[in-house]
Structures are given as C-alpha cells and as structure tokens.
Amino acid sequence: MDLFIARDILDQLSYRSTLGQSLKQISLRGTPLALILDDIAKYRSSYIDVLVQENLIGSRFKSEDSIIRKYKKTLQSGGGFKQCFNDVLGFRLHFDRYPEEYPPHFRVVDLRQGKLLDDGYRAVHLYYQRDNLAYPIEVQLWCGSDYWFNLWSHQYIYKYKSPETGRKLYSEFSGGMIRSEQDFLARLNDWEAEDNGG
C-alpha cells in the first residue's frame, strides 16, 4: 500500500471549489466557463507548492486548452460538472504489474479490458475526492507492457485518430506483432494508408 500517494498528501493537494456547491450539484451548462476557469486557476496556483515540497514527480495539471476541449465534449454528450472535471490534477504511476489491492480511500476504475469505446488504452484509474466540494484527484496506473502502448498511443493516437485505430493497434501489440515504437509507427502508417485507399 505504500506504493501509492499517501492520503495526507492527497488531502494537502485537494482543492475545494469556490463555486459553493457539491460538484455533483453544479450545472455545467448553467455555469459560465470563465467562472470555472477562474476557479481552476486558483486550484493550479494552490497545488504547486505542495508538489515541490513533497517532491511529487509525474504529476500534471490539465492545460486550459484540454480543459476547454473536455468541457465542450462533455456539454455535447450531456455529462455533468464532476464528470468533466474529474482529472484536473492527475498523476501517472508505472509499476511492473498492476497491484492486487488498493487503499480504501480511492475509487477504482479498472480499464484493463478497455474503455466502453475501446481505443486500445489499458490502465487502472484511482480517484480521490476529499469531500463533495473538492475536485477529484486522478491517479493513472500504467503497468507492465500497457505502459509502453499507452505512451505511444498518447503521443500518436489519443486526440488525433479514431478509437478504432487504437483498438486495432492494441490487438497487434497484445498479439506480439508490435514490439517497439518503430513497429507501432510503421503499423500506424500502414493503417492510415489503407484508410486512405493506398
């Protein structure tokens, strides 16, 4: 259990929204984007000191561009505020294999068999939310060989290509036909050529 970020540090990193309601009750459509971005800017400025103090490597705070993109996508799909902003602050941890147990303060989302719309991504996501007013903190576990596929996928496919492309590449990766980044790129180019009628 000591592999994970300690709960007291998560509490220090946790940020309560200044919007004054439980995140589940905040209307995504009814809250001006400028107000949300201002709230998240306060979060960004408050967490940096703790990261430096605790020497937490591998964290990322979602960029404003990514936040706006996800906001628009969530509005289109009819999702809510908490769903949209569940990963403003995130960590990515890499272990040789996935742990068998997780600390009870995390909500575990097991994506080792893929997402609902499978794009090849495999991981376990852990979410910590101090209380209903606080933004969740996301810890992504990329373990074993999934680490490499996710790395390449995020660099070359995620946000750029269709989920089907990622799913096909993962099938070849898990079947041993893709063993390196060069193999990955070669097969990606092959799929794109086929899709373009070449």
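**Exercise 1. The end of H3**

Which glycine follows H3, and is its phi positive or negative?

*Solution.* The model is predicted. Step 1: go to the end of helix H3, which covers residues 64–77. Step 2: read the next residue. Glycine 78 follows H3. Step 3: check its backbone angle. The phi of glycine 78 is positive, near 80°.

**Exercise 2. The length and faces of H3**

Compare the span of H3 with the expected span, then find its buried and exposed residues.

*Solution.* Step 1: take the length. H3 has 14 residues. From first C-alpha to last it reaches 20 Å, close to the 20 Å expected at 1.5 Å a residue. Step 2: list the buried residues. They are Ser66, Ile67, Tyr71 and Thr74. Step 3: look around the axis. These residues cover an arc of only 135°, so they sit on the same side of H3. Step 4: turn to the face pointing away from the buried side. That face carries the exposed residues Asp65, Lys72, Lys73 and Gln76.

**Exercise 3. The largest pocket**

Describe the largest pocket: its volume, its lining and the elements that supply the lining.

*Solution.* Step 1: give the volume. The largest pocket holds about 1400 Å³ of space. Step 2: count the lining. There are 38 lining residues, and the closest to the pocket centre are Lys70, Lys73, Asp87, Lys115 and Tyr158. Step 3: sort the lining by type. It divides into 10 nonpolar, 15 polar and 13 charged residues. Step 4: name the elements. Strands S1 (59–61), S2 (89–93), S3 (107–110), S4 (124–128) and S5 (137–141) each supply at least two lining residues. Helices H3 and H5 (146–156) each do so too. Step 5: find the largest share. H3 gives it, with 6 residues.

**Exercise 4. Helix H6**

Where do the buried residues of H6 lie around its axis?

*Solution.* Step 1: measure the helix on the model. H6 spans residues 163–174. Its 12 residues reach 16 Å from first C-alpha to last, close to the 16 Å expected at 1.5 Å a residue. Step 2: list the buried residues. They are Thr165, Gly166, Leu169, Tyr170, Glu172 and Phe173. Step 3: look down the axis. The buried residues fall within an arc of 160°, so they line one face of H6. Step 4: leave the helix. Glycine 176 follows H6, and its phi is positive, near 85°.

**Exercise 5. Two residues of H6**

Find the contacts of leucine 169 and tyrosine 170, leaving aside neighbours within four places in sequence.

*Solution.* Step 1: start with leucine 169. It lies in H6. Its relative accessible area is 0%, so leucine 169 is buried. Step 2: list its contacts. Leucine 169 touches Phe149, Ile157, Ile178, Phe184, Arg187, Leu188 and Trp191, near sequence neighbours aside. Step 3: move to tyrosine 170. Its relative accessible area is 14%; buried means under 20%, so tyrosine 170 is buried. Step 4: list its contacts. With the same neighbours left out, tyrosine 170 is in contact with Gly120, Arg122, Asp146 and Phe149. Step 5: check a distance. Tyrosine 170 and serine 153 are 17 residues apart in sequence, and their C-alpha atoms are 9.1 Å apart.

**Exercise 6. Two loop residues**

Which is buried and which is exposed, glycine 120 or arginine 97?

*Solution.* Step 1: place glycine 120. It is in the loop between S3 and S4. Step 2: read its accessibility. At 0%, glycine 120 counts as buried. Step 3: list its contacts beyond four places in sequence. They are Phe149, Asn150, Gly166, Arg167 and Tyr170. Step 4: place arginine 97. It is in the loop between S2 and S3. Step 5: read its accessibility. Exposed means over 50%, so arginine 97, at 63%, counts as exposed. Step 6: list its contacts beyond four places in sequence. They are Cys143 and Gly144. Step 7: add a distance. Arginine 97 and glutamine 140 are 43 residues apart in sequence and 13 Å apart in space, C-alpha to C-alpha.

Notes
Residues numbered from 1 in each chain as written. Predicted model: local features only at pLDDT ≥ 70, side-chain atom pairs only at ≥ 80, totals over all residues. Heavy atoms only, no water. Helix = DSSP H or I, 4+ residues; strand = E, 2+ residues; numbered from the N terminus. Expected span 1.5 Å × (residues − 1). Buried < 20%, exposed > 50% of the residue type's maximum accessible area, 1.4 Å probe, protein only. Arc of directions from axis to C-beta. 1 Å grid on protein atoms, 1.4 Å probe; cavity = no way out; pocket = protein on both sides within 12 Å on 5 of 7 lines; lining within 4 Å. Points joined across faces, edges and corners; volume = space filled by probe spheres on them. Nonpolar A, V, L, I, M, F, W, Y, C, P; charged D, E, K, R; others polar. Contact = heavy atoms within 4.5 Å.
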